[in-house]
Amino acid sequence: MVIAEFLSSIHMPDEAAEAILDAGSKSEVKEILSSDDFERLCFYPTAEEAGKHIRERLSGKDGRGFSELFIHCAAAVRNRNEGCWKSFDGDIFTATFGCFSRFVNESLVSYGYYAFDRGFWTIRQIGAVLFRLGALEYEICRDEKRVQIHIPSDADLRRNSISASLAMEMEFMKNHFPEVCGWTHSCGSWLLSPALPELLPETSNILAFQRRFSLTKTDPEARDYLQWVYKFADPDRSSINLNELPENTSLQKRMKEFVLAGGRVGVGYGDLTDRK
């Protein structure tokens, strides 16, 4: 597999794919690809430090993040061809790395242009510790002996879809990481916020998802909802005028009324108790 083929397989938008491939011809990118930093990026235990160093090396030369994204794509292809992804099903590889296209598309919604700013996150996919299995993503957290469940922005939250994903995860872990099967499965998200039952109908797929978890703690001050409900990017959250929040969906409208009245959405954390 080569990078152009990889970008096509994950449905990277044409404009972004062209920018990513162009970035691959830059001298600083070529230097990084032949450096120890790239080797360490491909190996999860050293990837975080290597990723930070790579961003430092690209500082001031990578306006929209496509040089970093090219390097991360190269690491994904490298690990697929000869590294930690070699033994996994191709469909799971493609589904997992669809995150690259998803993040680039999310940037278009938030900023109005394609960009990549999630290099701190995609080391997990590159290192084969986070997998997209159906609707959800599952991250193996060995230090904590738990599996962290993540909800992609394009996840189908209907009950049958979530149940199918959880069943797929159980089979996947049994086949590839049997030691993980007995570990606690946890989730932290605005989707687990205890405020949501006030804002959504009882039949809501979000509330059905919530009910699969036993709440362990909350962070009422978290403002993640501004990104995921209102599509404001991370750097913009501190300057947002809540009075100007859009009201394009019923949830946006109800949530705006809620926070303007002093309510706090926050984030909930819970452990999975219901796989059915």
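**Figure 1. Alanine 128 is found in the loop between α8 (123–126) and β1 (130–133).** You are looking at a predicted model, in which local features need pLDDT of at least 70, side-chain atom pairs count only at pLDDT 80 or more, and totals for chains, interfaces and linings use all residues. Residues are numbered from 1 along each chain as its sequence is written, and side-chain values use heavy atoms, with hydrogens and water left out. Helices (H or I, at least four residues) and strands (E, at least two) are DSSP runs, numbered from the N terminus. Alanine 128 isn't a glycine, yet its phi is positive, near 55°. Most residues other than glycine have a negative phi. Is alanine 128 buried or exposed? Its relative accessible area is 8%, so alanine 128 counts as buried (buried is under 20% relative accessible area, exposed over 50%, partly exposed in between, with a 1.4 Å probe and protein chains only).

**Figure 2. Histidine 11, in the loop between α1 and α2, also has a positive phi.** The value is about 60°, again in a residue that is not a glycine. Histidine 11 is exposed, with 66% relative accessible area.

**Figure 3. Helix α2 (residues 14–23) has its buried residues on one side.** The buried ones are Ala16, Ala17, Ile20 and Ala23. Their arc around the axis is only 125°, which is why they end up on the same side of α2 (the arc is that of the directions from the helix axis to the C-beta atoms). An α-helix has 3.6 residues a turn, so residues three or four places apart point the same way. Flip to the other side of α2 and you find Asp14, Glu15 and Glu18, which are exposed. So what do the buried residues of α2 pack against? Their partners are α1 (3–9), α3 (27–33), α6 and α7 (90–111), where contact means heavy atoms within 4.5 Å.

**Figure 4. Helix α5 (residues 44–58) packs with α6 at an angle of about 145°.** Their axes are 10 Å apart; axes are lines fitted to C-alpha atoms, for helices over the stretch in contact, and angles run from 0 to 180 degrees between N-to-C directions. The crossing of these two helices is right-handed (left-handed if the near helix is turned anticlockwise from the far one by less than a right angle, right-handed if clockwise). On the α5 side, Ile54, Arg55 and Leu58 meet Ser67, Glu68 and Ile71 of α6. By type, the contact holds three nonpolar residues, one polar and two charged. Here Ala, Val, Leu, Ile, Met, Phe, Trp, Tyr, Cys and Pro count as nonpolar, Asp, Glu, Lys and Arg as charged, and the others, Gly among them, as polar.

**Figure 5. The largest nonpolar core has 84 residues.** Such a core is a set of buried Ala, Val, Leu, Ile, Met, Phe, Trp, Tyr and Cys residues joined through side-chain atoms within 4.5 Å. The members that touch the most others are Phe6, Met12, Phe100, Phe131 and Met255. Helix α6 (residues 66–82) is the top contributor to this core, with nine residues. Zoom in on phenylalanine 131 and, leaving out residues up to four places away in sequence, you'll see contacts that include Trp85, Phe88, Ile92, Leu136, Tyr138, Phe172 and Phe177. Thr96 and Glu137 are among the contacts of phenylalanine 131 too.

**Figure 6. Helix α12 (residues 250–260) also keeps its buried residues on the same side.** These are Leu251, Gln252, Met255, Lys256, Phe258 and Val259, and they cover an arc of only 165° around the axis, which puts them on the same side of α12. They pack against α11 (225–228). After α12 comes glycine 262, with a positive phi near 100°.

**Figure 7. Serine 214 and threonine 216 both lie in strand β5 (residues 213–219).** Serine 214 counts as partly exposed because its relative accessibility is 37%, and threonine 216 is partly exposed at 49%. Skipping neighbours within four places in sequence, threonine 216 is in contact with Tyr269, Gly270 and Asp271. With residues up to four places away left out, serine 214 touches Tyr269, Gly270, Asp271 and Thr273. How far apart in space are threonine 216 and serine 186? The two are 9.5 Å apart, C-alpha to C-alpha, with their positions 30 residues apart in sequence.
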